[in-house]
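Welcome! Here is a short briefing to help you find your way around a structure you have not met before. Have a look at it first, then read on.

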Amino acid sequence: MRIMKWFRRIWGKYGPARGLVIVEGDTLPEVMPFRDLVLTRDDGDDWSVGMRCPCGCGERIELMILRGTRPRWDISVSDAGKPSLHPSVWRNSGCRSHFWVREGRVIWCE
């Protein structure tokens, strides 16, 4: 287990950064990209961000970014097209992963 945590930390820091794919509509696609985050946008309004859990369990994570929803996340995109999320993502079921997405990189909370 310690080796897996070590590998996740190193891969998140030095592996390829995640990008952002924008799809029209208010629902995530059935098939999610392997690494990239997906932003759903309907009539110019951003609805949610989705991704596969970076721990490797493959679970689908959907985070609401629509104003007025609770809980709610904010997304920003760098000039290089790399997404950052605020606050951190903490899964309260399944693998119970807790991490930040900063400039397309996963930063694990220990």
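Beyond its neighbours within four places in sequence, Leu63 touches Trp47, Ser48, Val49, Trp73, Leu85 and Val89. Please keep in mind that this is a predicted model. The points below start from Leu63 and its surroundings, then move to the strands and the salt bridges.

**Around Leu63**
- Leu63 belongs to strand E4, which covers residues 60-64.
- Is Leu63 buried or exposed? Its relative accessible area is 4%, under the 20% cut-off, so Leu63 counts as buried.
- One of the contacts of Leu63 is Leu85, a residue within the span of strand E6 (residues 83-86).
- Another contact is Val89, which lies in strand E7 (89-90).
- Asp74 is eleven residues from Leu63 along the chain, and their C-alpha atoms are 9.2 Å apart.

**The hairpin of E5 and E6**
- Strand E5 (residues 74-77) and strand E6 (residues 83-86) run antiparallel and are joined by four bridges.
- Which residue of E6 stands opposite Asp74? That place is taken by His86.
- Five residues lie between the two strands of this hairpin, and here Gly81 has a positive phi near 85°.

**The sheet of E7, E8 and E9**
- Three strands make up an open sheet in the order E7-E8-E9, and their pairing is antiparallel.
- Strand E7 (89-90) and strand E9 (105-108) form the edges, each pairing on one side only.
- Between E7 and strand E8 (residues 98-102) there are two bridges.
- Within E8, His98 is the bridge partner of Trp90.
- As background, the strands of a sheet pair through backbone hydrogen bonds, in either a parallel or an antiparallel way.

**Salt bridges**
- How many salt bridges does a search of the whole structure find? The search finds two.
- One salt bridge links Arg41 and Asp46, with 2.7 Å between the closest N and O atoms.
- Arg41 is partly exposed at 26% relative accessible area, and Asp46 is partly exposed too, at 25%.
- The side chains of Arg72 and Asp74 also meet in a salt bridge, at 2.9 Å from N to O.
- Arg72 has a relative accessible area of 23% and is partly exposed, while Asp74, at 35%, is partly exposed as well.
- Asp74 therefore appears in two of these topics, because the 35% residue that is partly exposed both faces His86 in E6 and pairs with Arg72 in a salt bridge.

Definitions and conventions:
Residues are numbered from 1 along each chain as its sequence is written. This is a predicted model: local features need pLDDT of at least 70, side-chain atom pairs count only at pLDDT 80 or more; totals for chains, interfaces and linings use all residues. Side-chain values use heavy atoms; hydrogens and water are left out. Two strands pair if DSSP finds at least two bridges between them. Buried means under 20% relative accessible area, exposed over 50%, partly exposed in between (1.4 Å probe, protein chains only). Contact means heavy atoms within 4.5 Å. A salt bridge is a side-chain nitrogen of Lys or Arg within 4 Å of a carboxyl oxygen of Asp or Glu.
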